[in-house]
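Q: I have a protein model open and I am not sure how to read it. Could you take me through it step by step?

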Amino acid sequence: AVVSTRVREEWKLNKYLSDRTPLNRDTVDGRHPTCSERLFQKKLPAASVVLVFYNEALSVVLRTAFTVLKESDPRLIHEILLYDDCSTIDELKAPLERHIAAYPKIRLVRAKERGGLVRARLYSSRTARGEVLLFLDAHCEPTPGWLEPLLEPIAKDRTAVT
């Protein structure tokens with residue numbers, strides 16, 4: 001009970017379970033059947049999916065990045081930009097770098113000083129290389145078919161915001 005309480009206070013989640021949950025687990029396609037049958041235009045822009053994080057659990061950041069890769073058409077992901085807003089946790093240093101080294105589409109950028117979420121998103125947008133910027137929280141898991149509905153309105157109108 002003591003460990004459980006400490007974990008919840010420090011991480012705001014059950015880190016013990018998160019660390020033991022597979023990083024590449026299957027996600028459930030929760031779309032309505034008509035949504036999963038919908039066809040999207042073939043030419044969609046490639047996105048920089050930006051994950052800004054500060055002192056998140058390593059397993060959470062990795063699961064989000066790996067799920068983005070797993071649940072996305074590779075042609076639509078230019079990169080996954082992990083933007084570290086000056087985290088102080090050791091597991092987000094060398095261990096993170098080791099985990100992502102084998103994934104050429106995952107790029108890590110580290111802030112020199114803590115700027116907060118809004119500044120981190122602004123700074124990360126300057127280093128992103130994709131045709132479209134897509135910001136996700138570092139603690140979410142996209143499900144099948146998540147990306148195309150966000151990109152298609154932009155493909156039709158470059159000024160669109162989804």
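What follows is a conversation about reading this model, going from the whole fold down to single residues.

A: Happy to! Keep in mind from the start that this is a predicted model.

Q: Which helices and strands should I look for, and in what order do they come?

A: A good first step is to list the elements and then read them along the chain. This protein has 7 helices and 4 strands. Their order along the sequence is α-α-α-β-α-β-α-β-α-β-α.

Q: What does the radius of gyration say about the protein?

A: The idea is to compare the value with the one for a compact globule of equal length. For 162 residues that would be near 15 Å, and the protein has 17 Å, which agrees. As for its extent, the C-alpha atoms fill a box of roughly 50 × 35 × 30 Å along the principal axes.

Q: How do I read the contacts in the protein between residues at least 6 apart in sequence?

A: Look at how far along the chain the partners are from each other. Here, 81% of those contacts join residues at least 24 apart.

Q: What share of the residues is buried, and what makes up the exposed surface?

A: Of the 162 residues, 41% count as buried. The protein exposes about 9600 Å², and carbon and sulfur atoms supply 55% of that area.

Q: Let me try one residue. Is Ser124 buried or exposed?

A: Relative accessibility is the number to read, and buried means under 20%. Ser124 has 0%, so Ser124 counts as buried. Ser124 lies in helix α6, residues 116–127. Beyond its sequence neighbours up to four places away, Ser124 touches Val50, Val52, Leu81, Tyr83 and Phe135. The Ser124 side chain also reaches the backbone oxygen of Arg121 at 3.0 Å.

Q: And is Arg158 buried or exposed?

A: Here the cut-off to know is that exposed means over 50%. With a relative accessible area of 52%, Arg158 is exposed. You will find Arg158 in the segment after α7. Exposed residues can still have contacts to look up: leaving aside neighbours within four places in sequence, Arg158 is in contact with Pro45, Glu131 and Val132. The side chain of Arg158 reaches the backbone oxygen of Glu131 at 3.2 Å. Arg158 and Val132 are 26 residues apart in sequence, and their C-alpha atoms are 9.1 Å apart in space.

Q: What can I look for in the loop between β2 and α5?

A: Try Asp85, which has its place there. At 2% relative accessibility, Asp85 counts as buried. Its side chain has a polar contact of 2.4 Å with the side chain of Arg114, and it reaches the backbone nitrogen of Gly115 at 2.9 Å. Among the other residues in contact with Asp85 are Phe53, Tyr54 and Ala120. Asp85 and Ala120 are 35 residues apart in sequence, yet 6.3 Å apart from C-alpha to C-alpha.

Q: Why would anyone check the sign of phi?

A: Most residues other than glycine have a negative phi, so a positive value is worth a look. Cys86 has a positive phi near 70°. Cys86 lies in the loop between β2 and α5 and is partly exposed, with a relative accessible area of 27%.

Q: Where is Asn55, and what is its phi?

A: Asn55 is in the loop between β1 and α4. Although Asn55 is not a glycine, its phi is positive, about 50°.

Note on methods
Residues numbered from 1 in each chain as written. Predicted model: local features only at pLDDT ≥ 70, side-chain atom pairs only at ≥ 80, totals over all residues. Heavy atoms only, no water. Helix = DSSP H or I, 4+ residues; strand = E, 2+ residues; numbered from the N terminus. Rg over C-alpha atoms; globule rule 2.2 N^0.38 Å. Buried < 20%, exposed > 50% of the residue type's maximum accessible area, 1.4 Å probe, protein only. Contact = heavy atoms within 4.5 Å. Areas by Shrake-Rupley, 256 points an atom, 1.4 Å probe, with all protein chains shown as cover. Polar contact = N/O pair within 3.5 Å; in protein donor to acceptor, adjacent residues only side chain to side chain.
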